Amino acid sequence: MRFVFSILSYIVFFTGVSGQSDTTRQNNDTLPDRFYILNRVERNGEILPEIEIKEVTIIGRPRGSGRSAFRHYQRLVYNLKKVYPYAIIVRTKLGDVNAHLEKIPEDMGRRKYLKEIEKEVFAEYEDDMRDMTITQGRLLIKLIDRETLNTSYELIKEYRGSFSAAFWQFIARIFGTDLKAEYDPYGEDMLIELIINEIDAGRI
């Protein structure tokens with residue numbers, strides 16, 4: 001979608017997932033023929049056998065029922081797996097750009113640097129962005145807020161000015177999208193958050 005690319009290109013070039021390290025010591029807990037290695041753990045002065053098991057996420061019954069709800073879930077998983085990596089890229093790019101801008105004192109040099117970054121990102125991500133649907137673009141806008149703690153509108157305003165932010169917000173509204181959309185992991189975006197956690201854990 002040309003519209004999605006036009007808006008997101010302004011966001012992506014300014015702005016992936018830093019892995020969460022598990023401090024728990026990892027053990028190989030299985031052997032052939034279904035044997036298991038049990039750890040010796042002291043609890044309340046008593047030595048007990050213990051084994052680590054994978055985390056289990058329990059999801060409540062979704063709204064609706066039957067195949068329609070399941071197809072919606074599958075489609076959401078598909079779209080998130082496609083756009084989530086770009087939200088990660090946005091977060092990484094944002095950090096890199098901000099770090100570099102701090103080293104450039106003059107405005108002219110900062111503008112020149114931003115234009116160079118814009119050209120690089122256009123060349124690298126243009127085809128990917130054009131392939132995105134409006135739905136995927138909306139999800140990416142939400143995930144950008146999740147990863148950067150800034151809405152897409154705020155990012156454009158910060159780096160391109162109020163006029164650019166207002167212009168692209170107007171265009172976004174025409175296509176039923178809101179650059180000011182905020183991510184709500186405990187409300188309307190709860191299912192998205194659960195799916196993202198499953199993706200991070202490598203379970204889907």
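Start by selecting Asn 44, which sits in the loop between E3 and E4. Before you zoom in, keep in mind that this is a predicted model. Show Asn 44 as sticks and look at its backbone: phi is near 55°, a positive value in a residue other than glycine. Is Asn 44 buried or exposed? With a relative accessible area of 85%, Asn 44 is exposed.

**The hairpin around Asn 44**

Now widen the selection to residues 39-43, which is strand E3, and residues 46-50, which is strand E4. The two strands pair in the antiparallel sense, over five bridges. Together E3 and E4 make a hairpin, with two residues between them. To follow the pairing across, pick Asn 39 and look over to Glu 50 in E4, which stands opposite. Then pick Arg 40; facing this residue in E4 is Pro 49.

**Zooming out**

Colour the whole chain by secondary structure. You should find seven helices and four strands. Walking from the N terminus, the order of elements is α-β-β-β-β-α-α-α-α-α-α. Switch on a surface if you like: the chain exposes about 13900 Å², and carbon and sulfur atoms supply 51% of that area. Of the 204 residues in the chain, 36% are buried.

**A stop on H2**

Next, select residues 66-101, helix H2, and find Lys 93 there. Lys 93 has a relative accessible area of 21%, so this residue is partly exposed; the cut-off for buried is under 20%. Add Ile 117 to the selection and draw a distance between the two C-alpha atoms. Lys 93 and Ile 117 are 24 residues apart along the chain, and their C-alpha atoms are separated by 9.5 Å.

**Where H4 meets H7**

Select residues 134-148 for H4 and residues 190-200 for H7. How are two packed helices described? By the angle between their axes and the distance between the axes. For H4 and H7 that gives an angle of about 75°, with the axes 12 Å apart. The two helices are therefore roughly perpendicular to each other.

Turn on side chains at the crossing. From H4, the contact uses Leu 139, Leu 143 and Arg 146; from H7, Ile 192, Glu 193, Ile 196 and Asn 197. By type, these contact residues split into four nonpolar, one polar and two charged. If the spacing of the residues catches your eye, recall that an α-helix has 3.6 residues a turn, so residues three or four places apart point the same way.

Stay on H7 and colour by accessibility. Which residues of H7 are buried? They are Ile 192, Glu 193, Ile 195, Ile 196, Glu 198 and Ile 199. Then step just past the end of H7 to Gly 202, which takes a positive phi of about 75°.

**The loop after H4**

Finally, go back to H4 and move into the loop between H4 and H5, where you'll find Leu 149. Phi of Leu 149 is near 60°, again in a residue other than glycine. Leu 149 counts as exposed, at 71% relative accessibility.

Thr 151 is in the loop between H4 and H5 too. Is Thr 151 buried or exposed? At 4% relative accessibility, Thr 151 counts as buried. What is in contact with Thr 151, leaving aside its neighbours within four places in sequence? Select Asp 145, Leu 179, Lys 180, Ala 181 and Glu 182, and you have the list.

Note on methods: Residues numbered from 1 in each chain as written. Predicted model: local features only at pLDDT ≥ 70, side-chain atom pairs only at ≥ 80, totals over all residues. Heavy atoms only, no water. Axes fitted to C-alpha atoms, helices over the stretch in contact; angles between N-to-C directions. Parallel < 35°, antiparallel > 145°, perpendicular 65-115°, else oblique. Contact = heavy atoms within 4.5 Å. Nonpolar A, V, L, I, M, F, W, Y, C, P; charged D, E, K, R; others polar. Pairing = 2+ DSSP bridges. Buried < 20%, exposed > 50% of the residue type's maximum accessible area, 1.4 Å probe, protein only. Areas by Shrake-Rupley, 256 points an atom, 1.4 Å probe, with all protein chains shown as cover.
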